[in-house]
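Please find below a colleague's note on the structure under discussion. The points are numbered so that each may be taken up separately.

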Amino acid sequence: MNHATGEKPRCYNSQLKPFYHGKTSRYTSPSSGKCKHLIVQSVKPSLTSDWTECAVQSNAPVSTQLAGWLSRMIFDPTGEAFIWLFVWLIYIIVLWVPSRAPAFTHYYKPYLMRFVGQLWAARSPREYSLRVQTADEDYGHVRRVTHALYPRFLVVYDKDRRDWTRVDAEAVVRRKPYVAVTYCYADVMNFGTTEALIKRVRNATLDQGFDTYWLDIECLFEDPVQKAQDLYRMSDVYRLASFTLIILTDESAWPTWGGRVWTLPEALLSRELRYLAGNNPVTPISLIQIASLAYSNHDEESHIINSYALGKDPLERLERNLQLKEAIWRRQSSSSQLTSQEGSSQGRYRAEKVYALMGFFEHRILPNAGETELQALARLFMANDNDRIADRMISMFPSLRDRRGINQWYTKEDEYGAKLWDTEPAVQVIGITSNGSLVLGCIMILIGTENTSTSYGNSLETSPWVVGGGVVLAFSLILLIFAPILTTYAHSGRVVLAHPWLIGVKGVISAQEASDRLYGYQIGDSRRTLYTPSGSPLARPTESDSKFREGRVSQYDEALAAPPFDPIEGHMFALVDTISGTIYYFRAHRPPTVCLFTGSEGGQGRFVLASEQCSSSELRRETVLRMPSYISAYMHASDWVALGAFECLADIVLLKVPCIAVCVRTKQRQRILTSYANLPASTMDDVADIIDNPENGILLETTIFPSAVS
């Protein structure tokens, strides 16, 4: 804290020195490592942005810029001879003035900042974690014991006393065969009481020749610490049972039971399944039959059953885990394991679906009532590092509908049509922050750009100084008039080796304009900057109409015709890479100032473009581009960085309907912006619910607005 003013530091640098500044967008200087005000080059500068915008400039030598203008006027005269002569005189003077060219380097600018905060949860037990660990939590035990944990309680029938007793003696629990019971709380409570459910279970258990059963409402602890231990071993309860008994009020209750989060692991992990519907006798049932009766997505979940339970489809482990995740996330969180017997959701774990999923993994995590789904998922993945799931998901670029909640990381496929298992990671996730950002280690990273004016998108790099015009002037005054043409010609032709630079511009510029601003005006038709064929979601490759692999020029026209700003996807940006000589178009809500090489896929590298949030020492993923992998050789290794995902879509829910557009900022409940039309009061109530419960945003689009555009 500044003792003179009482002001708290806004951020800290990598040496933990505090900085005091406003809330405007910032970036880290690649030369000093200081936090600086962000200046963005823009095709159409705006005065209302959170950052300062300036017009796109050129960093080519002044003599090259003047020679290019003079040459264009020679080949395309406009009759302004006086202006041409005046500029020509300035050009002659500039030729004789020494020019300072920057020192050539083989590397992009480094990123000199690091994550300076504390980890909420860490991969290594040697690292300190803010997450509160319970007294019973033992990482060694968690990793050592898998798929072999017995229930802590069973209900056993005493034939002599003709009574049921809850038993916790380990010797009894381990040797007694038992029946595991599964049901839907909402279903059975609509037609009876807890006592009636227990009576049905006991009668069915004895009827099947068993004297022991496990039922959650009798065998789970109420204490949160003890309940976490029960949830940790929940999958083993069903694995080790002689069979699992499904309790239904009647045959029509199958969809209700099948819509519960825990029914999928309970069914898939069981040795045998039987069900009791109403007053009918207990009947054996197969997984395939259950899929057709209870699961609304029958085809997808039959595929999981064939792969996981029956072993008929040889799915890879990664693909199978993704399908299991999708199936569990389609279900509702209404399990009585996580709620009170009265049905209150106050005791529900926010990461319940992750705990249901972890039963299919080799190593599990101890549930924590205070953690989010993202934090729980990161912990689960770090505990199961064989497939490097957490490392792979960094490179994924989720589709627009998935860029929120847990799907912003763990998604089946992305905008480029790639699957999670298609990516080869080049980073390692070593922890997660309290904000849900992933902390990465051993990555290659670079700054977007910086020059003496500290602007984002230094669109212009200096070429070697060529004094062709000056040499000609020294030999002959007759050729003086042609000096601009000779200078321009000296800077024409293909680029063999360029200073490594990533250049960002807000707005859309053509490949030719980018080349002219980078290297100066050229004589001839040599293409020094090309359009990407597949590097961004807006890329368009040439097809049978060309024998070369290159990007279509039409992608520039499409990007130019698109709205400069989209409320969901953000502003339009252009990025030029001087090493590969490629231009990319993409959308982002904030100007990305950092590029991370995170992996490879389909013969191309995956590069995450991120903006900086200095107040939390974190980066925010804005987009993912497919760029040539070899450019990573020109990048510096960096220290740990924390990468968060698409904060704008976690903060903003946008609903599009005919004549209605609603933008809701979940962190600012009072700010509800409407345009084109006013929403009815009933709809605004639902929008308010989105503000308080942003995870319901997609559901509101499909239920309240059937015609919504996602």
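The following points concern strands, aromatic rings, charges over rings, one buried isoleucine and the cysteines.

1. Status of the model. The structure is a predicted model, and the remarks below should be read accordingly.

2. The seven-stranded sheet. One open sheet contains seven strands in the order β9-β8-β11-β10-β12-β13-β14, and its pairing is mixed. Its edges are formed by β9 (163–167) and β14 (283–284), each of which pairs on one side only. Within this order, β10 (residues 179–183) and β11 (residues 212–214) are joined in the parallel sense by two bridges. Val-179 has Tyr-213 in β11 as its bridge partner.

3. Strands β5 and β6. Strand β5 (residues 39–42) directs Ile-39 and Gln-41 one way, whereas Val-40 and Ser-42 point the other way. This is in keeping with the general pattern, since side chains in a regular strand alternate between the two faces of the sheet. All of these β5 residues are nevertheless buried, whichever way they point. Strand β5 runs parallel to β6 (residues 52–55), to which four bridges join it. For Ser-42, the bridge partner in β6 is Ala-55.

4. The aromatic cluster. Across the whole structure, 14 aromatic pairs are found. In one of them, the ring centres of Tyr-157 and Trp-164 are 5.0 Å apart and the planes meet at 50°, so the pair is classed as tilted. Both partners are buried: Tyr-157 has a relative accessible area of 19%, and Trp-164 has a relative accessibility of 15%. The value for Tyr-157 deserves a careful reading, because the class of buried residues is defined as under 20%. Together with Tyr-213, the residues Tyr-157 and Trp-164 form one aromatic cluster. Tyr-213 is also the bridge partner of Val-179 noted in point 2.

5. A pair between distant parts of the chain. Which geometry do the rings of Tyr-531 and Tyr-585 adopt? Their centres lie 6.3 Å apart with the planes at 40°, so this pair is tilted. Tyr-531 belongs to strand β21 (residues 530–531) and Tyr-585 to strand β24 (residues 582–588), and the pair links distant parts of the chain, 54 residues apart. Tyr-531 is buried at 11% relative accessible area, and Tyr-585 is buried at 0%.

6. Charges over rings. The charged end of Arg-166 is placed over the ring of Phe-153, at 4.0 Å from the ring centre. Arg-364 lies over the face of Tyr-232, where the corresponding distance to the ring centre is 5.1 Å.

7. The surroundings of Ile-432. Ile-432 is part of strand β16 (residues 428–432). How accessible is Ile-432, buried or exposed? Its relative accessibility is 0%, so Ile-432 counts as buried. Leaving aside residues up to four places away in sequence, Ile-432 touches Leu-119, Trp-120, Ala-121, Leu-374, Gln-375, Ala-378, Ser-437 and Leu-438. Among these contacts, Trp-120 is separated from Ile-432 by 312 residues in sequence, yet the C-alpha atoms are 5.7 Å apart in space.

8. Cysteines. How many disulfides does a search of the whole structure find? The result is zero. Cys-184 is buried, at 3% relative accessible area, and Cys-595 is likewise buried, at 2%.

How values were computed. Residues numbered from 1 in each chain as written. Predicted model: local features only at pLDDT ≥ 70, side-chain atom pairs only at ≥ 80, totals over all residues. Heavy atoms only, no water. Disulfide = S-S within 2.5 Å. Buried < 20%, exposed > 50% of the residue type's maximum accessible area, 1.4 Å probe, protein only. Pairing = 2+ DSSP bridges. Contact = heavy atoms within 4.5 Å. Phe/Tyr/Trp six-rings, centres within 6.5 Å; stacked < 30°, edge-to-face > 60°. Lys NZ or Arg CZ within 6 Å of the ring centre and 35° of its normal.
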